[in-house]
Amino acid sequence: MNTSAEAPLRAATYLGDNTLAIMRDLVGYLSRATGIEVVVDRTAGRSSAEARHRAPDLDLVWMCGYLTASLISTGGMSHKIVAAPIFPGYREAVYHSVMVTRPNGPSSLRAALETRVAVNELESWSGFLGLRAHVDQSFPDAWFATQTITGSHRASIQAVADRACDVAAIDITIWEYLLATEPEAAANLRVIDRTVGWPAPPFSLGSHLDPAVRETLTTALLATGSSDIPSLAGMARADSDLYRYMTRA
C-alpha cells in the first residue's frame, strides 16, 4: 500500500460505464492540481464482489454509497469518505433511480409489483436496496412477483427490452448517459416512476495515505469544478454519517 506520494496513487470507480471517463478526467486533474501522480487502476473489476476484494487496497475509490459505508463500518475497508459528486443539472450531490418498462408495460409502481423486476446486484443501492426502500414506503412489505439478478444496470435495461423482465430500477446518471450516447438502447423503454433523491455515490481516500497527502487530495477534490471535469458540476464535502442509514436498509 502507498504510505506517501512517491509512487503513483491508484484510483478506481466501481460504478457504471458513465463514470469511467469521469474518473480518467479526475485523476488527470488531481495530478495536475496537486503534483501527486494519480492513475486509474487497470486491474479493478466492475462488480460488488470485485469491489470488496480490490477496493481496500486502492488509494482513491468511487463506489456505491451503501457498499462504501458497509465496508468501512465493518472494518472491510480502511478509508474515509471525503467528497461526493454534483452531477450536471443538480445543485447538490444527489441522485435517484428511475423505474423503466416497455411501452406496453405496467403503468405505475402498484401495477409493476405484479410483474418481473430486473435487479443489477443485491448490494446496489440504486438498483435494489434503494428500490426496496422506495417500494416499502408506498406499499409496506410488498415486493415484485419475481426478480432476476442481471449483474449490471445495462443488463437490466436489456432484460426489460428483451421481455425477460418487465421493469427495472436504473441509476438516473446511467439512464441519462444512455439517452445521450446510445439512444437506441433506451428507445423502446419509458419511465413510470422515480425514487426520492439520495446522497450521490461518494469518493473515499485510504486511511493508509500520509495525512498531508490525504489533506491535499481532499482539498483538490472539493475544489473540482465543471471546467476541470466537464461531466461534473462540482464536488461537495461528504462523510460516513451521510451514508450510514443505507446500511440499515
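This passage looks at one helix, the nonpolar core it joins and a sheet beside them.

The model is predicted, so local features need pLDDT of at least 70 and side-chain atom pairs count only at pLDDT 80 or more, while totals for chains, interfaces and linings use all residues. Residues are numbered from 1 along each chain as its sequence is written, and side-chain values use heavy atoms, with hydrogens and water left out.

Helices (H or I, at least four residues) and strands (E, at least two) are DSSP runs, numbered from the N terminus. Helix α1 covers residues 20-34. Among its residues, I22, M23, L26, V27, Y29, L30 and T34 are buried (under 20% relative accessible area, 1.4 Å probe, protein chains only). Viewed down the axis of α1, the buried residues fall within an arc of 165° (taken from the directions from the helix axis to the C-beta atoms), so they line one face of the helix. Just after α1, G35 takes a positive phi of about 75°.

The largest nonpolar core (buried Ala, Val, Leu, Ile, Met, Phe, Trp, Tyr and Cys residues joined through side-chain atoms within 4.5 Å) has 81 residues, and L26, M63, F144 and W175 have the most contacts inside it. Helix α1 gives the most to this core, with six residues. Beyond its neighbours within four places in sequence, L26 is in contact (heavy atoms within 4.5 Å) with L60, F203, L221, T224, I229 and M235.

An open sheet of six strands follows the order β2-β1-β3-β12-β4-β13, with mixed pairing (two strands pair if DSSP finds at least two bridges between them). Its edge strands, β2 and β13, each pair on one side only.

Key. Expected span 1.5 Å × (residues − 1). Buried < 20%, exposed > 50% of the residue type's maximum accessible area, 1.4 Å probe, protein only.
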